[in-house]
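Take a moment with the sequence and the 3D view. This walk goes along one helix, then moves to a ligand.

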Amino acid sequence: MTEIIKIIITAVWLMMPAYISNPMAVVFGGGMPIDLGKNWTDGKRILGDGKTFRGLFAGTVCGIIAGLIQMKATPLLSLGTFTLTAIITLSFGALLGDMIKSFFKRRMGFERGGKMPLLDQLDFVAGAWILTYLFDKQWFSENFSFEIMIIVLILTPVLHRLTNIMGYHLKLKKEPW
Ligand code: CTP
Ligand code: MG
């Protein structure tokens with residue numbers, strides 16, 4: 001296996017809990033919004049109807065399940081090993097990042113679903129990384145090398161765009177981004 005392919009596979013493998021939790025929030029989302037429909041001091045919604053308890057919970061659970069399966073599979077594949085903490089922080093952190101982005105989107109006057117290139121695609125990567133770094137610094141620094149991080153930053157917008165186009169056509173999302 002050439003070095004670059006190995007780095008790409010490792011990058012996707014390490015990001016998998018986050019790559020699962022983010023789209024699963026879209027699949028299972030709906031119902032009560034996390035901001036309970038309330039407005040911020042600027043008169044605009046705190047987060048908006050696009051961030052729901054069900055999406056947050058179901059997305060996190062799906063990401064954790066994916067990570068647990070990966071934990072079991074690791075000895076067979078000789079790819080990066082996970083810690084339980086990392087699985088949780090990657091899954092939950094991804095959706096936390098997405099929520100924080102929505103908060104700032106609303107403050108900037110963007111309606112729910114408004115398009116913010118790059119932020120819409122890397123919000124969850126930032127959330128997953130920061131939360132994982134905070135809770136399992138050792139695992140993070142052992143696994144996310146500089147090369148892996150660069151590959152994730154390049155690859156994620158591409159994967160994100162593809163899944164969102166798919167989600168749009170499956171009528172899971174209102175916009176193809
Ligand atoms: N979703 C959810 N709960 C979350 C995240 C996402 O229910 N915590 C669902 C919502 O149905 C949302 C859809 O997934 O509309 C798409 O997610 P996203 O693109 O992140 O939200 P937007 O609706 O585009 O809202 P925003 O402008 O705040 O990003
Ligand atoms: Mg969106």
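Where does α6 bend, and which proline follows within four residues? The bend comes at L155 and is about 30°. The proline is P157. Keep in mind that this model is predicted.

Now take the helix from end to end. Helix α6 covers residues 146-169, which makes 24 residues. At 1.5 Å a residue, α6 should span 34 Å. Its end C-alpha atoms are 35 Å apart, so the expected span and the model agree. Just after α6 comes K171, with a positive phi of about 60°.

Next, look at which parts of the helix are covered. The buried residues of α6 begin with I148, I151 and V152. T156, P157 and H160 are buried as well, as are N164 and G167. P157 therefore appears twice in this account: it follows the bend at L155, and it is buried. An α-helix has 3.6 residues a turn, so residues three or four places apart point the same way. What do the buried residues of α6 pack against? Their partners are α1 (3-28), α4 (119-135) and α5 (137-143).

Turn to ligand 1. It is surrounded by 18 residues. The closest are K51, T52, S102, R112 and G113. Side chains supply polar partners here. For T52, an N or O atom of the side chain is 2.6 Å from an oxygen atom of ligand 1. For D98, the corresponding distance is 3.0 Å. For K101, it is 3.3 Å. Taken alone, ligand 1 exposes 570 Å². The protein buries 90% of that.

How values were computed: Residues numbered from 1 in each chain as written. Chains lettered and ligands numbered in written order. Predicted model: local features only at pLDDT ≥ 70, side-chain atom pairs only at ≥ 80, totals over all residues. Heavy atoms only, no water. Helix = DSSP H or I, 4+ residues; strand = E, 2+ residues; numbered from the N terminus. Expected span 1.5 Å × (residues − 1). Bend = angle between axes of the 7 residues up to and from the residue. Buried < 20%, exposed > 50% of the residue type's maximum accessible area, 1.4 Å probe, protein only. Contact = heavy atoms within 4.5 Å. Near = heavy atom within 4 Å. Polar contact = N/O pair within 3.5 Å; in protein donor to acceptor, adjacent residues only side chain to side chain. Areas by Shrake-Rupley, 256 points an atom, 1.4 Å probe, with all protein chains shown as cover.
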